Amino acid sequence: MGILSSMADFIDGLAKRHRLLPWLLAYLFLLPLPFVLATLFNEYLIDLANRICLFILLAVGLNIVKGFCGQVTVGHIGLYAIGAVTSAVLTLEPGGFGGALGFGWPVWAAIPTAVVITAFAGLIVGLPSVRLEGAYLALATLGLGESVRIFIAVTPALGSSTGLMMIPAPSIGSFVFDSFTSYYYLVMTAAIVGIYFSFSILRSATGRAFQAIREDTIAASVNGINVVKYKLLAFVLSAIYAGLAGALFAHMPPGYLHHNNFTVIEMVTLLLMVVLGGIGNVWGGVIGAIVVAIAYDQTKDLVFYFMDRPVVVQPLVFGLSMVLLVLFMPRGIGGWIEDFQRNRRFIRRSEERLSATARNS
Amino acid sequence: MGFDYNSLLAFIIFGVTIGVVYGIVALGISLIYSGLDIVHFAHGEMYMFGAFFGLVLAHNVGIPYPIALIGAMIMTAILGMVVERVFYRRLTRAGGGYTVAGMGMIICGFGMSVALVNVAYFIWGAEAEPFRANLDYIPRLTFPGDIKVPESYVLTAIISVALMAALHYFLRHTKTGLAVRAVAHNKDIAYLMGINVPLMISLIFGLACGLAAAAGVLIGPMQSVQVEMGYLMLMKAFAAAVVGGFGSLPGAIIGGIMVGVFENLGAAYISPSHKDIYAFLLLILVLMFKPSGLLGVEAKVKA
């Protein structure tokens, strides 16, 4: 507690000078990470770090609609897929391998277009939320998300069974983001900016409207909040995160995209991140994303022999841990963070009160 | 080239038969929804487990197919009750609403579904196993226009109708069925009337899972049995339940038939490789424009 408290005090002090200072510090702190990983461990871990950054974007985006606004959606991975495939198809050369579509756009034009299209898809996913809630909404979003994947899987123009190959990497001038290390700076920047904007949204009037809708829809509408508008806005915002993560995923080396990247187990992984992080807590979601992504990577090839048959353990472990987390730790890591913050606030207030009485006497 | 009415009729007949099976699974989902106010996301896995139990009973133990069907229903019912008692009861105890606790329920069901699929992987492996059933004693139906309906389809239609009739009789004409309906209507008042509500909830879960198992065993001879069959079935049964109106039992059957016919016609006349999307399409259209479904009550809105 002692170290954590002094770290928190230090960050608070920085934030008082300028609100961007702690973020700048975090950015500087993360800059040398690829070199540290490459020298201490191996290159592969940089790839893992890249994917963690994408998962952070996804989890933070999901948190907006789920945690802030309280709408149940389980089709988020479909939006991710839309972002990825749109960006890939836009940049591929026409007449590519296996009948895949291609438009030959530059990458920097394709990524924003993909984000806009995903945002539009998010609007469509959000439309049922105007009339439905709870289980119905979960059903509708699950149906939408899954039909996106099946559609990609059976349409040759979108790279059905072979996947999309040779997706170009983004470049600035002659510098090409085609290695794990260079791509790390792209996705890490995106993740940090994403987390920052998520906090901005939470603290803005929009964020307060989201929370009001989460707590009580009817009370929110009585207080003059346009419920339909804000619900849709939450879906669109989270779709923007998902679209950006998807587009960045498509151009990530080795530039290969397959619909197996968007299956139910990915959705479960994503849900597990948000649940482990505590629904509604941004930092919890980030920590959850890091922990689960590492666990996902480490257990991916873990095979257990049962009656002479290889069995992949990972989905079982993930599914069970999701059930157990919901049952026994419903507030997740975010609960600990909130407790910690509340304790600090309490201690600070009592210290202030003590010093005030000491001065008065 | 003229329009082939015979093949249209054939597609509709096959759509109806497969749709009845969707309807049975949807019936279970509707039953759980009306009884517990939760949507059971792991119901497809109950269907899959039922199919495997039936397969084991019919092939490894060597029991005749109809008895294996009943055995699989009982085994899956017990499995469902255990899952409900051990896991879901903790959540429903906190309240049946769909606030954050309800989100917990959805996530919990989702995780349970993934966990159950992989338990099945442990036991039976990933290969698709053919379900051979000796059905020679069933007559082959021949419709006008020389449409031959295989035995397994005939049997499916017969057993499905029998199961629905039995369920209807149980719910409408027995005292326990009355208690189940009372629990579905209002749990608190049911408590006050001296009904053992937890027991009834277990019973509802058992019934629903038994129905899913019956669907699994029935569909076994038509397609092969494999571990990942539950997921698509869940989506189609959800579509059926929503189209018919959530919580409405006749609606579930009608919805199932509609989904089956819609899907078969889509596969025949639009594109067969997109077959699995049509059910979702129907689901989303109905959810957007008439969330209450054909026969359902108004969709619940939190008050």
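Begin in chain B of this predicted model, where helix α10(B) passes helix α11(B) in a right-handed crossing. Select both helices and look along the place where they meet. Their axes come within 8 Å and cross at roughly 135 degrees, which makes α10(B) oblique to α11(B). To show the side chains of this contact, pick V259(B), F262(B), E263(B), G266(B) and A267(B) in α10(B). On the α11(B) side, pick K275(B), Y278(B), A279(B) and L282(B). Coloured by class, the residues of this contact come out as six nonpolar, one polar and two charged.

**The other partner of α10(B)**

Keep α10(B), residues 249-269, selected and add α1(B), residues 5-36. The axes of α1(B) and α10(B) come within 6 Å and cross at roughly 140 degrees. The angle makes α1(B) oblique to α10(B), and the crossing is right-handed. The contact of α1(B) with α10(B) contains 18 nonpolar residues, eight polar and one charged.

Now select S248(B), in the loop between α9 and α10 of chain B. Is S248(B) buried or exposed? S248(B) is buried, because 22 other C-beta atoms lie within 10 Å, and the cut-off for a buried residue is 20 or more. Add Y33(B) to the selection and draw a distance between the two C-alpha atoms: S248(B) and Y33(B) are 215 residues apart along the chain, and their C-alpha atoms are separated by 9.5 Å.

**Chain B as a whole**

Zoom out and show chain B as a cartoon. Eleven helices and two strands are there to be found. Followed from the N terminus, the order is α-α-α-α-β-β-α-α-α-α-α-α-α. Chain B has 303 residues, and buried residues make up 51% of them. Of the contacts in chain B with a separation of 6 or more, 75% are between residues 24 or more positions apart.

**Where chain B touches chain A**

Bring chain A back into view and select the contact between the two chains. Chain B puts in 38 residues and chain A 40 residues. On chain B, four helices each supply at least two residues of the side that touches chain A: α3 (65-93), α4 (100-124), α9 (229-244) and α11 (275-289). Which of the elements gives the most to this side of chain B? The answer is α4(B), with 16 residues. Coloured by class, the side of chain B that touches chain A shows 28 nonpolar, seven polar and three charged residues. Helix α11(B) thus appears at two stops on this tour: it meets α10(B), and it supplies residues to the side of chain B that touches chain A.

**Into chain A: confidence**

Hide chain B and colour chain A by pLDDT. The average for chain A is 80, and 94% of the residues score at least 70. Among the elements of chain A, strand β4(A), residues 309-312, has the lowest mean pLDDT, at 70. Helix α11(A), residues 227-251, has the highest, at 88. Where pLDDT is low, the predicted coordinates should not be read in detail.

**A helix pair in chain A**

Select α4(A), residues 44-68, together with α13(A), residues 282-299. Their axes come within 8 Å and cross at roughly 140 degrees, which makes α4(A) oblique to α13(A). The crossing is right-handed. From α4(A), residues in the contact include L48(A), R51(A), I52(A), F55(A) and N63(A). From α13(A), they include V282(A), G285(A), I290(A), A293(A) and D297(A). By class, the contact of α4(A) with α13(A) has eleven nonpolar, three polar and two charged residues.

**Two single residues to finish**

Select Q314(A), in helix α14(A), residues 314-328. With 22 other C-beta atoms within 10 Å, Q314(A) is buried. Leaving out residues up to four places away in sequence, Q314(A) touches T299(A), K300(A) and L302(A). For a longer line across the chain, add V187(A): the C-alpha atoms of Q314(A) and V187(A) are separated by 26 Å.

Last, go to P22(A), in helix α2(A), residues 21-30. P22(A) counts as partly exposed, because it has 17 C-beta neighbours inside 10 Å. Beyond its neighbours within four places in sequence, P22(A) is in contact with I11(A), L14(A) and A15(A). S5(A) is 17 residues away from P22(A) along the chain, and the C-alpha atoms of the two are separated by 15 Å.

Note on methods. Residues are numbered from 1 along each chain as its sequence is written. Chains are lettered from A and ligands numbered from 1 in the order in which they are written. Two residues are in contact if their C-beta atoms, placed from the backbone, lie within 7 Å. Ala, Val, Leu, Ile, Met, Phe, Trp, Tyr, Cys and Pro count as nonpolar, Asp, Glu, Lys and Arg as charged, and the others, Gly among them, as polar. Axes are lines fitted to C-alpha atoms, for helices over the stretch in contact, and angles run from 0 to 180 degrees between N-to-C directions. Angles under 35 degrees count as roughly parallel, over 145 as roughly antiparallel, 65 to 115 as roughly perpendicular and the rest as oblique. A crossing is left-handed if the near helix is turned anticlockwise from the far one by less than a right angle, and right-handed if clockwise. A residue is buried if 20 or more other C-beta atoms lie within 10 Å of its own, exposed if 12 or fewer, and partly exposed in between; C-beta atoms are placed from the backbone. pLDDT is the predictor's confidence in each residue, from 0 to 100.
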